[in-house]
Amino acid sequence: MKTPKKMKTLNRKTIYLTSLLFAMLLLGCNKSDDEMPNESPLHEKVLVDFTTRLNTMAQPENLVNNTNNSSATIARAFFNSIKTSSEIFSSFFVIPQSIESRFVSNSQTYTWSDGTSSVSYTITELSDRYTLLLTVEDPTEEIDYKIEGYELKQTNFLKLKFFDDNTLKTELTWELKGEVLHVDLVELFDGDTTKMEYNTNDNSGMIKVYEGTQLTTEIVWNSDGSGTFTDHLANESFTF
């Protein structure tokens, strides 16, 4: 059995940025008392469900421990790729305890810096949603990143877009429908789309990978850890 043509890998710049942000979290800055009066800060209201579910996402134990089956290994790799990409998005929005904060009307902006790199994170509360805008600039590393998106209030729906130098690179969508979490990861730079349906009750799920509009890879796993891997390009299917 051949390994799928495109196993998802993490962009080196994104990995660098994640490390940079974590370092900046440890450094912190000056804190401002300009907070929302008599209310929780906006950053405590957004991405709560996203972060909670991300931290508890896992495949069945039998699948995790099935290290002798190559199809099971591929199933774990694709699942972990989606989870890792989501964790990188999540890490962008973790702010230090000591920051500069500015509240204007229905928006709150947080800024922090390590002296070279600077981050600005604005949350705006609307009637039906929260909008998010985060920018990272580092002239020494030629970094100019932006993440924009929104989270709906009444439904568990989140959409985030990642820009590198004003070019849209990646889109991430999370939506909970009943007990099933739907995750779409679209990589604009190579035209690939990865779709996952994940049952939050029993950890079963399905992943489909598209190159453009063509379905290339399909993985289904059950709550007991068994499942199938299908390579649609080679017209082959394997069980684990």
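Residues 26-33 have a pLDDT under 50 throughout, yet the model gives this stretch 17 contacts beyond four places in sequence. The model is a predicted one. Its mean pLDDT is 87 for the protein. A value of 70 or more is reached by 83% of the residues. Residues 8-13 also fall below 50. For this second stretch, the model holds twelve contacts beyond near neighbours in sequence.

The secondary structure consists of four helices and 13 strands. The protein has 240 residues, of which 42% are classed as buried. Contacts across the sequence were also examined. Among those between residues at least 6 apart, 42% link residues at least 24 apart. The exposed surface of the protein amounts to about 12,200 Å². Carbon and sulfur atoms account for 46% of that surface.

Aromatic rings were then considered. Ten aromatic pairs were found in a search of the whole structure. One aromatic cluster is made up of Phe-89, Phe-92, Tyr-145 and Phe-162.

Charged side chains also meet aromatic rings. Lys-146 is placed over the face of Phe-163. The distance from Lys-146 to the ring centre of Phe-163 is 4.7 Å. In another such arrangement, the ring of Tyr-130 lies beneath the charged end of Lys-153. Here the charged end of Lys-153 is 5.1 Å from the centre of the Tyr-130 ring.

Definitions and conventions. Residues numbered from 1 in each chain as written. Predicted model: local features only at pLDDT ≥ 70, side-chain atom pairs only at ≥ 80, totals over all residues. Heavy atoms only, no water. pLDDT = per-residue confidence, 0-100. Contact = heavy atoms within 4.5 Å. Helix = DSSP H or I, 4+ residues; strand = E, 2+ residues; numbered from the N terminus. Buried < 20%, exposed > 50% of the residue type's maximum accessible area, 1.4 Å probe, protein only. Areas by Shrake-Rupley, 256 points an atom, 1.4 Å probe, with all protein chains shown as cover. Phe/Tyr/Trp six-rings, centres within 6.5 Å; stacked < 30°, edge-to-face > 60°. Lys NZ or Arg CZ within 6 Å of the ring centre and 35° of its normal.
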